Amino acid sequence: MEKIKNWQAVHKSELLLSIASYLAIYTSLDLVEHRNGYLSHLVHTLASKPALAQQVRTLRVSDGWRPTSGVRYKQEVILPVLKLVLGPDDNLSKWHWAVLGRENNDVSTVLLLALLPDLEDLVLQVYDFSNYTLEWMARIAQTESFVLSKLRSFTAVCSDVDNGLSSSHFLPILRLPSLRSFCGQMICDGGSSDAEYTEDYAFNAVSYAPDNVGYSNVTHIHLNLESFIFEHSENLNYPDDESMYASRYYPPLCRHRETLQTLTITHEGTNQYTSYSVHDYDYIGSFAGFSALKGLRLQISDILDRNQDQSFLENTPKNGFSDVLPLSLESLILDGLEKEYTTELAKAFKKLLSGGKKYCCPNLTYLEIKGNWMHVQQSTEESNAKPRPIPSMLRQFADFKVKLELLCSAVKVGFRMRDLHVEDIIERNRLYGFWSDAL
């Protein structure tokens with residue numbers, strides 16, 4: 001039954017394209033939702049009817065659809081187009097076999113682009129196994145070619161690529177002479193490991209720009225921000241100034257309130273055992289309108305609003321967590337807890353969670369609070385002991401932990417209260433061969 005449906009779809013598309021080749025004028029083509037069978041028929045139609053191709057201004061296309069029945073191939077039609085797109089270093093047989101292999105429609109996308117001399121607006125959906133389209137566009141951008149010579153707007157959608165694609169794939173393309181606007185989704189640089197960095201930069205963008213010269217005429221770049229991480233160490237202009245000024249980052253982040261999924265703004269000292277303490281109040285702003293935000297990590301001194309003329313430690317917040325947290329939030333991590341914060345923080349969480357999380361944070365599943373504050377000062381003898389003893393939690397923090405555990409348990413939110421000093425002791429004991437289940 002499925003084969004019959006596929007056969008009907010292919011022959012229906014072939015019939016429509018045959019009719020269109022005599023009657024219709026294409027101005028806008030949308031091939032993102034179609035299989036490569038449709039694309040192959042369109043390439044043959046436009047290659048045979050250049051007048052139709054000259055009318056196309058807008059194209060949306062996917063270069064990663066897997067094989068399907070009904071893929072069309074006529075050598076006498078395709079070979080001239082292949083020769084049109086090849087550069088001096090390209091191997092005709094390699095491209096030819098890629099077309100014959102029909103593993104995806106990446107090469108067919110290149111053929112289609114080469115057939116559209118007046119294309120102005122391109123939306124390209126990129127996949128992991130794309131091998132030709134971006135490299136070909138990068139090369140075209142560095143040559144005086146009539147191909148894509150009128151392209152003004154280019155949108156690259158990489159949402160189906162694990163971890164996105166490096167900007168190095170797209171920078172050469174920005175040199176297309178007519179290009180004025182570039183929009184990117186899931187374009188990410190960097191990684192958490194050497195292997196990820198190596199993979200990011202495997203694409204040699206510089207090789208497409210002889211002597212690394214030339215400029216772009218692009219005037220508008222739109223990037224959908226999904227993740228922003230900033231861990232402050234010190235102010236480079238004022239080394240003695242340890243303030244982070246988190247509120248300065250809020251206005252530009254608001255521009256991405258519909259796409260931002262994870263946000264971290266904190267001091268690097270709150271992520272490891274140091275003597276760093278957070279006492280500077282700097283309310284960053286409300287994230288209640290950030291509709292896609294799932295993971296949020298901030299310093300406690302930045303998340304609630306207080307009167308500017310009084311310190312964080314002396315003043316009750318003017319708002320609560322329900323005023324600053326979005327409905328989409330799944331994970332909340334707060335850094336820099338000091339004993340002075342425990343009373344007001346417990347009240348704020350009680351107001352947020354005691355009535356259930358249905359109307360405030362219905363998707364919240366994890367809460368973490370950490371600092372360097374549970375321990376008492378250890379003597380030299382204790383700190384040099386092997387294994388080093390793990391200090392007991394001070395009463396004020398113990399009471400705070402119990403309150404938060406009860407609140408979170410009642411609404412099925414995972415809760416973890418971390419002391420980085422204690423974690424450091426446990427890790428050092430482990431390195432010496434001593435194990436502990438204290439945390």
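Buried means under 20% relative accessible area, and exposed means over 50%. Keep those two cut-offs in mind. What we have here is a predicted model. Start with Lys412. It has 74% relative accessibility, which is over 50%, so Lys412 counts as exposed. Lys412 sits in the loop between helix 14 and strand 12. Its phi is positive, about 60°, although Lys412 is not a glycine. Most residues other than glycine have a negative phi, and most peptide bonds are trans.

There is a second case of this kind. Phi of Met186 is near 60°, again a positive value in a residue other than glycine. Met186 belongs to the loop between strand 5, residues 181-185, and helix 8, residues 194-200. Buried or exposed, then, for Met186? Buried, because its relative accessible area is 19% and the cut-off is under 20%.

While we are on the backbone, look at Lys386 and Pro387. The peptide bond joining them is cis, with omega at about 0°. Pro387 lies in the loop between helix 13, residues 380-384, and helix 14.

Now the overall picture. The chain has 439 residues, and 47% of them are buried. Its secondary structure comes to 15 helices and twelve strands. Accessible surface is about 23600 Å², with 50% of that on carbon and sulfur atoms. Take the contacts in the chain with a separation of 6 or more: 77% of them are between residues 24 or more positions apart.

On to the sheets. Strands 1 to 6 first. These six strands form an open sheet in the order 1-2-3-4-5-6, with parallel pairing. Strand 1, residues 28-31, and strand 6, residues 220-224, are at the edges; each has a single partner strand, so one side of each has no neighbour in the sheet. Neighbouring strands are turned by 10° against each other on average, direction ignored.

Inside that sheet, strand 2, residues 58-62, runs parallel to strand 3, residues 121-125, and five bridges join them. Thr58 stands opposite Asp121 in strand 3. Two helices are worth a look here. Helix 6 lies across strand 1, strand 2 and strand 3, at about 170° to strand 2. Helix 7, residues 133-141, also packs on the sheet; it touches strand 3 and strand 4, and its direction makes about 145° with that of strand 3.

How many of the nine residues of helix 6 are buried? Nine of nine, across residues 106-114. The buried residues include Asp106, Ser108 and Thr109, as well as Leu111, Leu112 and Leu113.

Next, Phe170, in the loop between strand 4, residues 153-157, and strand 5. Phe170 has a relative accessible area of 2%, so it is buried. What is Phe170 in contact with, leaving aside neighbours within four places in sequence? Leu134, Phe154, Ala156, Cys158, Leu165, Phe182 and Ile187. Phe170 and Glu135 are 35 residues apart in sequence, yet 9.0 Å apart in space, C-alpha to C-alpha.

Now strands 7 to 12. Here too, six strands form an open sheet, in the order 7-8-9-10-11-12, and the pairing is parallel. Its edge strands are strand 7, residues 227-232, and strand 12, each pairing on one side only. The twist averages 10° from one strand to the next.

Strand 10, residues 331-335, and strand 11, residues 366-371, run parallel and are joined by five bridges. Leu332 has Leu367 of strand 11 as its bridge partner.

Two helices lie across strand 11 and strand 12. Helix 14, residues 395-410, runs at about 160° to strand 12. Helix 15, residues 420-431, runs at about 75° to strand 12.

Stay at that edge for one side chain. Arg418 is in strand 12, residues 414-419. With a relative accessible area of 16%, Arg418 is buried. Which side chain does Arg418 meet in a polar contact of 2.7 Å? That of Glu423.

Last item, the cysteines. A disulfide is a covalent bond between the sulfur atoms of two cysteines. How many disulfides does the structure hold? Zero. Cys254 is buried, because its relative accessibility is 13%. Cys361 is buried as well, at 0%.

To close, back to two residues. Lys412 is exposed at 74%, whereas Met186 is buried at 19%. Both have a positive phi: near 60° for Met186, about 60° for Lys412.

Conventions
Residues are numbered from 1 along each chain as its sequence is written. This is a predicted model: local features need pLDDT of at least 70, side-chain atom pairs count only at pLDDT 80 or more; totals for chains, interfaces and linings use all residues. Side-chain values use heavy atoms; hydrogens and water are left out. A disulfide is a pair of cysteine sulfur atoms within 2.5 Å. Buried means under 20% relative accessible area, exposed over 50%, partly exposed in between (1.4 Å probe, protein chains only). Helices (H or I, at least four residues) and strands (E, at least two) are DSSP runs, numbered from the N terminus. A polar contact is a pair of N or O atoms within 3.5 Å; within protein, one must be able to donate a hydrogen and the other to accept it, and residues adjacent in sequence count only if both atoms are side-chain atoms. Contact means heavy atoms within 4.5 Å. Accessible areas come from the Shrake-Rupley method with a 1.4 Å probe; for residues, only the protein chains shown count as cover. Two strands pair if DSSP finds at least two bridges between them. Axes are lines fitted to C-alpha atoms, for helices over the stretch in contact, and angles run from 0 to 180 degrees between N-to-C directions.
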